[in-house]
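Trainee: I'm new to this one. Please take me through it, and tell me how each label is earned.

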Amino acid sequence: MENQIKKLHVAILPSPFMGHLIPLLELAKRLISHHDFQVTFFLLSTDSSAAQSQFLHPPTTVPIDGLHFHHLPPPLHISPSSLLDYAEIQSRASIIVRESIPHIQSSILTNNTPDVFVFDFYATDAFEIADKLGIPKYIFFTSPAMVLPFLMYLPTLDRQIQGEFTDLKEPVQVPGCKPIPIDNLIDPVRNRKTRTYKWFLHHTSRFPLVNGIFVNTCQVLERTTLATLREDPILQQIPAPRVYPVGPQIKLDKSPSSVQSD
């Protein structure tokens, strides 16, 4: 009998946003179809939208061997009613991930331990699972690469600048980038007193902990920015993890393929 080669097993933890869920699922399908990986795709328990439910449970599907959905139970120490106190969806997603860590860890320990763990931007609190298992961990960044230098540098800006970024008289200076006009700042950083900003700062401060960042772009689309992320000396001192363009991951078919699910 010929020895069977064990497939590389990748675990993926998305956040419950359609804009994050879709590209991460497309990445999972690409890992299977192009590299013959096995993928466990965790799904957080949320009051998901009708669009998300329809996307995950379409009426007609085509099976994909090797793609497995694992539906996580509700978080242990937080109720759906208490989540209503967090109006910002970024805060709610971060809290759900944090409170779901015991469920994720239990599932991994009782099933097939992955060789690699890929986390959504809002799931960095779950890094501890990969650390306990001693496996490489990566972030999947769904936005364009042009946003990444600013986020990598955000913890430094937070220490250097007093008051609100929106009160600055000059554009924000980010290494390797053109100065960012105040009006062009992304919404989550426009008010440093909000929970959303604090979560953004928390997640970006954990970038140096990963083995690398997968970015939903390609070399042709953002050649200059990708070169900046690899080569800028100030960003490398953070230290900035290695960046891998793996996109764009977009949904081309009308419905996701069906998977084994529990």
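Mentor: Let's start with two words we'll use a lot: helices are DSSP runs of H or I with at least four residues, strands are E runs of at least two, and both are numbered from the N terminus. Keep in mind that this is a predicted model. Counted that way, the protein has nine helices and eight strands.

Trainee: Where does Asp36 lie, then?

Mentor: In the loop between α1 (18–35) and β2 (38–43). Its phi is near 60°, a positive value in a residue other than glycine. In general, most residues other than glycine have a negative phi.

Trainee: Why does Asp36 count as partly exposed?

Mentor: Buried means under 20% relative accessible area and exposed means over 50%, with partly exposed in between. Asp36 has 44% relative accessibility, so it counts as partly exposed.

Trainee: How much of the whole protein counts as buried?

Mentor: Of its 262 residues, 49%.

Trainee: What about the peptide bond from Ile238 to Pro239: cis or trans?

Mentor: That bond is cis, with omega near 0°. Pro239 sits in the loop between α9 (233–236) and β7. As a rule, most peptide bonds are trans.

Trainee: Now the strands. Which way do Gly212, Ile213, Phe214 and Val215 point from β6?

Mentor: Gly212 and Phe214 point one way from β6 (residues 212–215), Ile213 and Val215 point the other way, and all are buried. That fits a general pattern: in a regular strand the side chains alternate between the two faces of the sheet.

Trainee: Why can we say that strand β5 and β6 pair?

Mentor: Pairing asks for at least two bridges found by DSSP. Four bridges join β5 (residues 137–141) to β6, and the two run parallel, so they meet the pairing rule. One of the matches is Ile139 with Ile213. β6 also pairs with β7 (residues 243–245), again in the parallel sense, over three bridges. There, Phe214 stands opposite Tyr244.

Trainee: Which residues have the most contacts inside the largest nonpolar core?

Mentor: That core has 52 residues, and those with the most contacts inside it are Leu13, Phe117, Leu148, Phe150, Met152 and Ile213. Helix α6 gives the most to it, with seven residues. A second, separate core of 20 residues includes Ile12, Phe37, Leu43 and Leu67. Coming back to Ile213, residues it touches beyond four places in sequence include Tyr138, Leu148, Met152, Phe207 and Pro241.

Trainee: Why is the Asp158 and Arg192 pair called a salt bridge?

Mentor: The label needs a side-chain nitrogen of Lys or Arg within 4 Å of a carboxyl oxygen of Asp or Glu. Here the closest N and O atoms are 2.8 Å apart, so the pair is a salt bridge. The pair links distant parts of the chain: Asp158 is in helix α6 (residues 148–160), while Arg192 is in the loop between α6 and α7 (195–204), 34 residues apart.

Trainee: What makes one partner buried and the other partly exposed?

Mentor: The 20% cut-off again. Arg192 has a relative accessible area of 13%, so it is buried, whereas Asp158, at 22%, counts as partly exposed.

Trainee: How many salt bridges does the whole structure have?

Mentor: Seven. Another is Glu99 with Arg98, where the closest N and O atoms are 3.3 Å apart. Glu99, at 16% relative accessibility, counts as buried, and Arg98, at 36%, counts as partly exposed. Then there's Lys29 with Glu26, at 3.2 Å. Both lie in helix α1, three residues apart, about one turn of the helix, and both are buried.

Trainee: Last one: why is Ser15 called buried?

Mentor: Its relative accessible area is 1%, and buried means under 20%, so the label holds. Ser15 lies in the loop between β1 (9–13) and α1.

Trainee: What polar contact does the side chain of Ser15 make with Asp120?

Mentor: One of 2.9 Å, side chain to side chain. The cut-off for a polar contact is 3.5 Å between N or O atoms. A second polar contact, of 3.4 Å, joins the side chains of Ser15 and His20. The C-alpha atoms of Ser15 and Leu44 are separated by 7.3 Å, though the residues are 29 apart along the chain.

Note on methods
Residues numbered from 1 in each chain as written. Predicted model: local features only at pLDDT ≥ 70, side-chain atom pairs only at ≥ 80, totals over all residues. Heavy atoms only, no water. Buried < 20%, exposed > 50% of the residue type's maximum accessible area, 1.4 Å probe, protein only. Core = buried A, V, L, I, M, F, W, Y, C linked by side-chain atoms within 4.5 Å. Contact = heavy atoms within 4.5 Å. Polar contact = N/O pair within 3.5 Å; in protein donor to acceptor, adjacent residues only side chain to side chain.
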